[in-house]
Amino acid sequence: MQAFYIRNFNIIIIIIINLISMGEVDQAFIQSIEHRPNLDTIEIEGIPLIDLSLSHTTDINVLVSKIGTACKNWGFFQVINHGVPLELLEKIKVAAKAFFDQTMEEKRKVKRDEVNPMGYYESEHTKNVRDWKEVFDFLIKDPSFLPASPELEDDEMRTLSNQWPENPPQFREVCQEYAREVEKLGYKLLELISLSLGLPSNRFNGYFEDQLSRMRLNHYPPCPCPELALGVGRHKDAGALTIVAQDDVGGLQVKRKSDGVWAPVKPTSNALVINVGDIVQVWSNEAYESVEHRVVVNSERERFSIPIFIFPSHYVMVKPLEELVNEGNPPKYKPYNFGKFNVARNRSNYKKLEVQNIQISDFKII
Ligand SMILES: O=C(O)CCC(=O)C(=O)O
């Protein structure tokens, strides 16, 4: 009986603390109960760490097989000896901090909006809940071209171009140099993924001639109610591949395929985090899956992360690859135009929609 009272007392205290925190924080940040994070520290082994260096003792087939297994079992892995110079990795983290440390007035000089979605933004929504973060986005290929609207019958295109801040000094140069190096890694990984599917290494090359890839700097400030909000809400990445540099704070979590448990991606010195996106899921006809992930925040330390999203050209029709489908394994997705998909998907970044935004499951053949 006493235990019953103590348990209920604890629950009431937690509810009161949550209500006080909710009072401090805009309701737009509050996740619905089923999506709130459990902040207990959990140690989970599993997300593979793959060494990309090919010494004379390592057979390329061993590497390809490790990549294939990681894509199949997790959709996520980390890589070391990836070829991105470590000093550059350090420089980009310093540049990110220097940018976000500026005043709001300074950052808003390069504020993005629905018309020009490249630049600084502090009120992005994921799955219609506001994220506890601020971001700076830029295109790898500048300018890039995108459909003007998601409507299929509308042929109008629009031009996207980057906005660069005057400060901090060298910010643009460091961002662009880092992006160039990570882009090379991205294509190398796509080659390994292609080989792991039994395809020629250059199978995906033609899809990226007018790539819409972009890089993002994420800053997650300390949050007074980390049990109620998320740095980025649960989502899957719409592109082919994502490559993330993270600092040592931790917070990225992956929904483990085997049991749906949220598994932390442990910060690992000098490593980059890789995840396959929706496009690889469709190309591979679900041999590989784009896995849901999210970012939890904490009340003490700010966190920085730097993803590069590898996106194909706007005119690419994404569909299961012919070589990977047959009578026994028919296509699981209807073809869709990447540019139109991307435009539709980005609509929910700016405002809370009443319904879930477009997902690749909308193209699934049942
Ligand atoms: O912060 C991270 O580690 C990942 C960020 C992420 O998932 C995103 O920006 O879409």
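Let me start inside β16, where the bridge partner of Ile243 is Ile308. Helices and strands here are DSSP runs, numbered from the N terminus (H or I over at least four residues for a helix, E over at least two for a strand). On another strand, Met215 also stands opposite Ile308 in β16.

Before I go on, a word on the source. This is a predicted model, where local features need pLDDT of at least 70, side-chain atom pairs count only at pLDDT 80 or more, and totals for chains, interfaces and linings use all residues. Residues are numbered from 1 along each chain as its sequence is written.

Now, the neighbours of β16. Strand β11, residues 241-246, pairs with β16, residues 303-310, in the antiparallel sense over six bridges; two strands count as paired if DSSP finds at least two bridges between them. Leu241 stands opposite Ile310 in that strand. With β9, β16 pairs over five bridges, again in the antiparallel sense.

So how buried is β16? Eight of its eight residues are buried, and buried means that 20 or more other C-beta atoms, placed from the backbone, lie within 10 Å of the residue's own (12 or fewer is exposed, in between is partly exposed). Arg303, Ser305, Pro307 and Phe309 are buried on one side, and Phe304, Ile306, Ile308 and Ile310 on the other. As a reminder, side chains in a regular strand alternate between the two faces of the sheet.

Let's zoom out to the sheet. It is open, has eight strands in the order β1-β2-β14-β11-β16-β9-β6-β3, and its pairing is mixed. β1 (49-51) and β3 (119-121) are the edge strands with a single partner each, so one side of each has no neighbour in the sheet. On average, neighbouring strands are turned by 25° against each other, direction ignored. For angles, axes are lines fitted to C-alpha atoms, for helices over the stretch in contact, and the values run from 0 to 180 degrees between N-to-C directions.

Two helices lie across this sheet. Helix α3, residues 86-100, lies across β6, β9, β11 and β16, at about 115° to β16. Helix α5, residues 171-196, lies across β6, β9, β11, β14 and β16, at about 130° to β11.

α5 has a helix partner too. Its axis and that of α2, residues 60-73, come within 8 Å and cross at roughly 85°. The two are therefore roughly perpendicular, a label for 65 to 115 degrees (under 35 is roughly parallel, over 145 roughly antiparallel, the rest oblique). The contact, meaning C-beta atoms placed from the backbone within 7 Å, includes Leu63 and Ile67 of α2 and Leu192 and Ile193 of α5. Its residues divide into seven nonpolar, three polar and no charged. Nonpolar covers Ala, Val, Leu, Ile, Met, Phe, Trp, Tyr, Cys and Pro; charged covers Asp, Glu, Lys and Arg; the others, Gly among them, are polar.

Now for the ligand. Around it are Arg216, Asn218, Val232, Val244, Gln246, Leu252, His293, Val295, Ser305 and Pro307, with the C-beta atom, placed from the backbone, within 6 Å as the cut-off. β9, β11, β15 and β16 each give two or more residues to this shell. The shell has five nonpolar residues, four polar and one charged.

β15 sits in another open sheet, with the order β10-β15-β12-β13 and antiparallel pairing. β10 and β15 pair over two bridges, and His235 stands opposite His293 in β15.
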